[in-house]
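Open the model in your viewer and keep the selection box handy. This tour goes stop by stop: select, look, move on.

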Amino acid sequence: VAVKVLTCGGSGSTAGVIEGINWVMLNAASTEGSATANMSLGGGLNSATNNAVRMLQDSGVVTVVAAGNSNTNACNSSPAAEPRVITVGSTTINDARSGFSNHGTCLDIFAPGTDIKSAWIGDDAATKTISGTSMASPHVCGGAALLLETDADAESVTETLLSTATLDKVTDVRTGSPNKLLYVGATGPTNAPTPAPPTPAPTPCTTPSIEVEVTTDGYPAETSWKITNSCNNVIVGSGGDYTEANTIQTYSLCVPQAQYTFVISDTYGDGMCCSYGDGSYKVEYKEGIYEGTEFGSEESHTFGSCDAQPTSAPVEPTSAPVEPTSAPVEPTSAPVEPTSGPEPTTPAPTPGSTPQTSATWGIDRADQRDLPLDQEYSVSGTGAGVTAYIIDTGVQTSHNEFKTASGSRASFGINTSGDGNNNDCNGHGTHVAGTVGGKTYGIAKDVNIVAVKVLT
């Protein structure tokens, strides 16, 4: 079910987001079967947003959220800071923490999030490769759907995802972050998308964003970039280790208003054009656009101001979040992080969950403990009978990734974004839905998708 709360620009109000969350809580209570929800969105620390997602989790809907893309403490943003939900950081194909990924004690788990290929808007076969914790979170949401298919409750699903994660594989996790990487192989979750061309927005922002688009040349590994907050000398985003030539990589960084310096480098010293392909870059911040192709070894741009005044805070809801009609499920206790011990019993394989060959790197990584990748995705289960609510920019429900013999597994739920357009005109929500449950790029290939549009 698609619940639209974000608009075509990837932004929305706190009130609209909370309204979408409350609708999910009520709808899930009246819908047969188990449910999970993905929120690849975020903003400044907000108690109302945290309260709403906590209630959603406590009502029995496994709630998974993106950690954020500012390379800072996830405890400083919502809903990532809420302890009851599953907060997800991003990794690269080499098991390194993505340079943009938030980190810290509010993080619960890492999952693939750099260069993830999935469904996109436009025609029903469209795909795109983008990066962000927005792309990592739906891998975990798909994993939750696989476990929910076995009739596990929300609390045990959360505990299983964290206790069966692969340990000590992620490099540069940063202080306080758990070194846990999503694993769905013998237990349930998997499926993540791979690289293609990215456009704006990993995690939709309620604060200013920096949009970065890099088109690699014939030697993609030579290119790298970083963005530094010049006011405090903190790196807020970076990219590199590219493996695909002549492809578009896009990033969206939610950042506070400040002065930033973008630096792009080429280790060979010949820029990105034109001897070995037509590479290029483009950076957008507010009204400014900075781009280039031929720059030798390095080129930089500085924009914004340390004296900039912050914009007004996200709109607070006029009233407290709507209580669900039925009492929320009371958790028996907070999930206990086991230090060791046997892994949970693997559920019996679900008919139809045959191995997928030529799998994209994200889902491929999720079903195996160690590198190198084997280009195959094989898990027990498909998420059949489970509903995944995509609280985002909407979902293109007609996309081939969701089609069935009788129609589509994806449907529209509600639009609280205020734009009057129930379609996904941004692409972010469709990409997320494809990673949760697309038949090619998804972890749980038979899960029912509901679009909840809260962002434009």
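The stops below run from a helix inside the fold to a sheet, then to two single residues and the empty spaces. Keep in mind throughout that this is a predicted model.

**Stop 1: helix H6**

Select residues 428-437, which make up helix H6. Ten of the ten residues are buried, so the helix is largely enclosed by the rest of the structure. Step through the buried residues from His-428, Gly-429 and Thr-430 to His-431, Val-432 and Ala-433. Gly-434, Thr-435, Val-436 and Gly-437 complete the set.

What covers them? Strands E2 (35-39), E8 (116-119) and E9 (127-130) are among the elements that do. So are helix H3 (133-148), strand E24 (387-392) and strand E28 (448-455). Show these as cartoon and leave H6 as sticks.

**Stop 2: a four-stranded sheet**

Next, colour the strands E14, E13, E16 and E21. In that order they form an open sheet with antiparallel pairing. Which strands stand at the edges? They are E14 and E21 (298-304), each with a single partner strand, so one side of each has no neighbour in the sheet. On average, neighbouring strands here are turned by 15 degrees against each other, direction ignored.

Zoom in on E13 (residues 223-229) and E16 (residues 259-266). Seven bridges pair these two in the antiparallel sense. Select Asn-229 and look across to E16: Tyr-260 stands opposite.

Now turn to the other side of the pairing, E13 with E14. These strands run antiparallel and are joined by five bridges. Pick Ile-227, and in E14 you will find Gly-237 opposite. Follow the chain through the hairpin of E13 and E14, where four residues lie between the strands. Stop at Asn-233, which takes a positive phi near 60 degrees.

**Stop 3: Thr-49**

Select Thr-49, in helix H2 (residues 47-58). Is this residue buried or exposed? Its relative accessible area is 7%, so Thr-49 counts as buried. Beyond its sequence neighbours up to four places away, Thr-49 touches Thr-14, Ile-18, Ser-78 and Pro-79. Draw a distance from its C-alpha atom to that of Ala-15. The viewer should give 8.7 Å, for two residues 34 apart along the chain.

**Stop 4: Ser-101**

Go to the loop between strand E6 (86-91) and strand E7 (109-112), where Ser-101 is found. Ser-101 has 0% relative accessibility and therefore counts as buried. Show the residues it touches, leaving out those up to four places away in sequence: Gly-68, Asn-71, Thr-72, Gly-89, Ser-90, Phe-110 and Thr-133.

**Stop 5: the largest pocket**

Keep Thr-72 selected; it is one of the residues nearest the centre of the largest pocket. Add Ser-70, Ser-77, Cys-254 and Pro-256, which also lie nearest that centre. In total, 26 residues line the pocket, and about 370 Å³ of space lies within. Strands E3 (43-44), E5 (77-78) and E14 (234-239) each supply at least two lining residues. Colour the lining by class: eleven residues are nonpolar, 15 are polar and none is charged.

**Stop 6: an enclosed cavity**

The structure holds two cavities of 30 Å³ or more. For the last stop, take the second largest, with about 30 Å³ of space. Select Asp-217, then Asp-270, Gly-271, Met-272, Cys-273, Cys-274, Ser-275 and Tyr-276 to see its lining. These divide into four nonpolar, two polar and two charged residues.

Note on methods. Residues numbered from 1 in each chain as written. Predicted model: local features only at pLDDT ≥ 70, side-chain atom pairs only at ≥ 80, totals over all residues. Heavy atoms only, no water. 1 Å grid on protein atoms, 1.4 Å probe; cavity = no way out; pocket = protein on both sides within 12 Å on 5 of 7 lines; lining within 4 Å. Points joined across faces, edges and corners; volume = space filled by probe spheres on them. Nonpolar A, V, L, I, M, F, W, Y, C, P; charged D, E, K, R; others polar. Buried < 20%, exposed > 50% of the residue type's maximum accessible area, 1.4 Å probe, protein only. Contact = heavy atoms within 4.5 Å. Pairing = 2+ DSSP bridges. Axes fitted to C-alpha atoms, helices over the stretch in contact; angles between N-to-C directions.
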